[in-house]
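User: Could you take a close look at the nonpolar core of this one for me? I'd like to know what builds it and how far to trust the model around it.

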Amino acid sequence: MVLLQRGFTPLHIATKYGHLKVVRLLLAKGINPDVEGKNSLTALHVATHYNHVAIALYLLEKRASPHCATKVKLQSCVQKNCQDLACSTLCIVHTCTVDLLYE
């Protein structure tokens with residue numbers, strides 16, 4: 001996939017601005033959900049940073065790796081006040097229920 005001027009792909013840009021339909025279209029066209037942009041950021045990193053829950057869950061459904069490392073230190077989802085997104089992501093990855101996370 002082509003990197004745009006600032007080092008991000010169309011998948012990153014669609015994710016940043018919350019365009020789920022565009023994300024679906026790009027992945028349907030065969031784009032790798034783990035394609036890396038600037039500093040090794042993936043679309044899943046971008047979705048969690050901007051709190052786009054639906055896109056993050058869709059990326060995980062399409063086999064985006066929740067374990068991709070970046071070249072920069074990012075704040076965790078909880079630090080970014082995205083606890084619901086973090087819990088949803090953990091539930092998808094580990095097939096648990098949200099109630100178990102709060103016990």
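Analyst: Helices here are DSSP runs of H or I with at least four residues, numbered from the N terminus. On that basis, the chain reads α-α-α-α-α-α along its sequence, so you get 6 helices and 0 strands by that definition. Keep in mind that this is a predicted model.

Now for the core. The largest nonpolar core has 15 residues, and the members touching the most others are L11, V23, L27, L44, A47, I55 and L59. Helix 1 (10-16), helix 2 (20-28), helix 3 (43-49) and helix 4 (53-61) are the elements that each give two or more residues to this core. Helix 4 provides the largest share, with 5 residues.

As for trust, helix 2 has the highest confidence in the chain, at 97, while helix 6 (residues 98-101) has the lowest, with a mean of 38. Two stretches drop below a pLDDT of 50: residues 74-83, with 12 contacts in the model beyond near neighbours in sequence, and residues 94-103, also with 12 such contacts. Across the chain, pLDDT averages 74, and 61% of the residues score at least 70.

Stepping back to the whole chain, 34% of its 103 residues are buried. Among contacts with a separation of 6 or more, 61% link residues 24 or more positions apart. On the outside, the chain exposes about 6700 Å², with carbon and sulfur atoms supplying 53% of that area.

Conventions. Residues numbered from 1 in each chain as written. Predicted model: local features only at pLDDT ≥ 70, side-chain atom pairs only at ≥ 80, totals over all residues. Heavy atoms only, no water. Core = buried A, V, L, I, M, F, W, Y, C linked by side-chain atoms within 4.5 Å. Buried < 20%, exposed > 50% of the residue type's maximum accessible area, 1.4 Å probe, protein only. pLDDT = per-residue confidence, 0-100. Contact = heavy atoms within 4.5 Å. Areas by Shrake-Rupley, 256 points an atom, 1.4 Å probe, with all protein chains shown as cover.
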